[in-house]
Amino acid sequence: MDQRVVISGFGGQGIMSMAQLIVYAGMMDGKNVSWVPSYGPEMRGGTAYCNLVVSDMKIGSPVVTKPNTLIVMNLPSLIKFEKSLVPNGLLLMNSSIISQRPARNDIRPYGIKINDLAVELGNLRTANMIMLGAYVELTKAVSDDSVFASIKKVLGGAKKELVSLNIDAFKLGAKSVHAMCAKI
Amino acid sequence: MEKVLMKGNEALAESAIRAGCRYYFGYPITPQSEIPEYLSKRMPQVGGVFLQAESEVAAINMVYGAAAAGARTMTSSSSLGISLKLEGISYIAAAELPCVIVNIMRGGPGLGGIQPAQSDYFQATKGGGHGDYRLIVYAPSSVQELADMTYQAFDIADMYRNPVMILGDGLLGQMMEQVELPEFKENKLIKTADKSWAATGTKESRPPNIFNTLYLDPEKLEELNLALFEKYKAIESREVRAEEYMTADADLLLVAYGITARIVKTAIDEARKKGIKAGLMRPITLWPFPKALANQLSAQVKCILTVEMSQGQLIEDVCLAVGRRVPVHFYGRVGGMIPSVEAVYHEICRYAGMKDDALLELDAGIRYTYAEV
């Protein structure tokens, strides 16, 4: 198992924390993990992206230039990173706000209306957890239990009441990725 | 020991505390501000001192004072901030005081940018400040090594009464990886280290210990220099550290340090799949440089390729070590750009004489051959 992932979207969409939960869960599963944020003079609404690796092997480059999974939360991210995905790579798109289809036909694209699902769930800010559920369901990169433990660890303090909401969002994403978000 | 997920900067800071560092003086600068941020919270919890100085110059001179008093002390900054500290570093080296100085490098020259670079290699290894002095320079390449080397750095600094530098970069500082933090050092172990030289008050039982780096008598100053020279020779013979990766049968040797070495390792893995016998020498101590190993490896290879996030600085030490035995090539990205695995792989293919049709155009970057045989 060697997941080399780029996650990209607007600042404020929860890109970094979503990526952090994946590597935290990977670490709990006994994998090697790395997490590299984009950092710079950026702000809410600007572009945010993150490189992460979850691997059975020792991690060489933590910089992901050729991801085997690409998660895009907005259209500029799709345009920017689609080319970098390896052939047959997995593409997860936030199809609530990306109506465009990917240009390539040698990849495995999935669209999932995470914003709509999050609103249905009662909190738009859980959209990233819905995407996380879809990602884990499709790749089995990390175990569900480790993700739940990670969510508890991250939100266990001041935001304790958000734990179950986030776990529900994760489960909704996992369920929906097959049901309503068939391969594009 | 339990693994935790931490940013490089934070792991370094926690590790310093576990090594017994109780005096930190610094001034914020990206991409290392998590170090003072973390220590501002942690130092009070362990009864230590965190002080945000009015400038980098003030911070390094506070380190000078704390070290003279026998404390385990550290400062950290990034590139241009280290430039400001250089006068103090030269004084500390002259006064033979132990301390740890962290440089999480960013692109330069000038104010530069805030993205990762390795363009302070000369500054770290060749002096930077004035006078003949040496820093022991460690180049970690993972969050784990940032923690481990910072931890060891305090002991090495004490052992040689010499400042030690941790030379990282913005990528290492900002990234998160799993890390096993080292154990807390017993206080008594740190206190029993011989610091009879420290300025701790004479209690009228001994002559005062004075730290003064002014020697108007050149014979006395030469004596100091000769003593330093002997110390540096001892460090060069005992403290060299390097990692070899797939060098046993290599006929193409790459040399890279820090985070760049990991990018190179992945490129070597790719090249090996094509049957190219590439290997890596990764200096862990930049000073003392692993001269003997570089020289020995150069005897078995057709050429050497150094990869850096600079215009080529490490390459000069490689050339000094191997002489004109084989050509030494360079590939680097500068100004905060990071060489990609694909670009390094492509360079390996070029020098191995293999056509790499995956990359028709050369990636951006600086290329040259240093020593034509």
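This report describes the two sheets, the contact between the chains and one helix of a predicted model with chains A and B.

Residues are numbered from 1 along each chain as its sequence is written, and chains are lettered from A in the order in which they are written. Because the model is predicted, local features need a pLDDT of at least 70 and side-chain atom pairs count only at pLDDT 80 or more, whereas totals for chains, interfaces and linings use all residues.

**Confidence in chain A**

For chain A the mean pLDDT (the predictor's confidence in each residue, from 0 to 100) is 92, and 95% of the residues reach 70 or more. Within this chain, confidence is lowest in helix α6 (residues 163-179), with a mean of 92, and highest in strand β4 (residues 69-72), with 98. Helices (H or I, at least four residues) and strands (E, at least two) are DSSP runs, numbered from the N terminus.

**The sheet shared by both chains**

Eight strands make an open sheet of mixed pairing, in the order β6(A)-β5(A)-β4(A)-β1(A)-β3(A)-β2(A)-β8(B)-β1(B), where two strands pair if DSSP finds at least two bridges between them. The edges are β6 (108-112) of chain A and β1 (3-7) of chain B, and because each has a single partner strand, one side of each is left without a neighbour in the sheet. From one strand to the next, the twist averages 20°; axes are lines fitted to C-alpha atoms, for helices over the stretch in contact, and angles run from 0 to 180 degrees between N-to-C directions.

Helix α4 (residues 127-139) of chain A packs on this sheet, where it touches β1 (2-10), β4, β5 and β6 of chain A; two residues are in contact if their C-beta atoms, placed from the backbone, lie within 7 Å. Helix α1 (residues 8-18) of chain B also packs on the sheet, touching β1 and β8 (176-180) of chain B.

| Helix | Reference strand | Angle between directions |
|---|---|---|
| α4(A) | β5(A) | about 160° |
| α1(B) | β1(B) | about 115° |
| α12(B) | β13(B) | about 155° |

**Where the chains meet**

Strand β2 (residues 32-37) of chain A runs antiparallel to β8(B) and is joined to it by two bridges, and A:S34 stands opposite B:E177 in β8(B). Overall, 19 residues of chain B are in contact with 16 residues of chain A. On the side of chain B that touches chain A, α10(B) gives the most, with five residues. By class, that side has nine nonpolar residues (Ala, Val, Leu, Ile, Met, Phe, Trp, Tyr, Cys and Pro), six charged (Asp, Glu, Lys and Arg) and four polar (the others, Gly among them).

**The sheet of chain B and helix α12**

A six-stranded open sheet in chain B has the order β9-β11-β10-β13-β14-β15, again with mixed pairing. Its edge strands are β9 (242-245) and β15 (366-369), each with a single partner strand, so one side of each is left without a neighbour in the sheet. Strands β13(B) and β14(B) pair in the parallel sense over five bridges, and B:I304 has B:V328 in β14(B) as its bridge partner.

Helix α12(B) lies across β10, β13 and β14 of chain B. Its buried residues (20 or more other C-beta atoms within 10 Å of their own, with C-beta atoms placed from the backbone) are B:L314, B:I315, B:D317, B:V318, B:A321 and B:V322. These residues lie on the same side of α12(B), because they cover an arc of only 160° around the axis, the arc being that of the directions from the helix axis to the C-beta atoms. Just after this helix, B:G323 takes a positive phi of about 65°.

Terms used. Buried ≥ 20, exposed ≤ 12 C-beta atoms within 10 Å, placed from the backbone.
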